[in-house]
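Subject: Structure handover

Hello,

Here is the structure for you to look at. Please open it alongside these notes.

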Amino acid sequence: TRKEVSIYSRYWFKTDAQPSVIQLELKGNWLKADDSKKYEVAKTTQGNTLIKVNCAYGLATPLKLIKGN
């Protein structure tokens with residue numbers, strides 16, 4: 001038989017989220033348009049742009065980019 005158990009009684013309910021880094025590659029040259037520390041912008045060897053976003057708790061991170069040369 002199955003027993004229904006509340007998620008609030010679980011050991012992981014109040015633990016901190018494990019942060020992860022999501023990487024996006026955008027075609028072309030893009031530059032960061034703000035001073036946010038939640039993401040990094042770097043150029044790839046193919047001339048594209050690599051964005052690394054720090055993620056935790058499922059929160060959205062707005063990116064402000066401008067088109068480069």
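Below are the notes on the sheet, one loop residue and a surface patch.

This is a predicted model, in which local features need pLDDT of at least 70, side-chain atom pairs count only at pLDDT 80 or more, and totals for chains, interfaces and linings use all residues. Numbering starts from 1 along each chain as its sequence is written, and side-chain values use heavy atoms, with hydrogens and water left out.

**The sheet**

Three strands matter here: the sheet is open, has 3 strands and follows the order β1-β4-β3, with antiparallel pairing. β1 and β3 stand at the edges with a single partner strand each, so one side of each has no neighbour in the sheet. On average, neighbouring strands are turned by 20° against each other, direction ignored. Those angles use axes fitted as lines to C-alpha atoms (for helices, over the stretch in contact), and run from 0 to 180 degrees between N-to-C directions. Strands (E, at least two residues) and helices (H or I, at least four) are DSSP runs, numbered from the N terminus. Pairing requires that DSSP finds at least two bridges between two strands.

β1 and β4 run antiparallel and are joined by 7 bridges. Val-21 has Asn-54 of β4 as its bridge partner. Ile-22 stands opposite Val-53 in β4.

On the other pairing, β3 (residues 39–43) meets β4 (residues 49–55) in the antiparallel sense over 5 bridges. Tyr-39 also stands opposite Val-53 in β4. Val-41 has Ile-51 of β4 as its bridge partner. The hairpin of β3 and β4 has 5 residues between the strands, and Gly-47 there takes a positive phi near 85°.

**Asn-29**

Asn-29 sits in the loop between β1 and β2 (30–32). Its relative accessibility is 16%, so it counts as buried. The cut-offs are under 20% relative accessible area for buried, over 50% for exposed, and partly exposed in between (1.4 Å probe, protein chains only). Leaving aside residues up to four places away in sequence, Asn-29 touches Lys-43, Gly-47, Thr-49, Ile-66, Lys-67, Gly-68 and Asn-69. Contact means heavy atoms within 4.5 Å.

**Tyr-11**

Tyr-11 belongs to the segment before β1 (20–26). Tyr-11 is exposed, at 72% relative accessible area.

Best wishes
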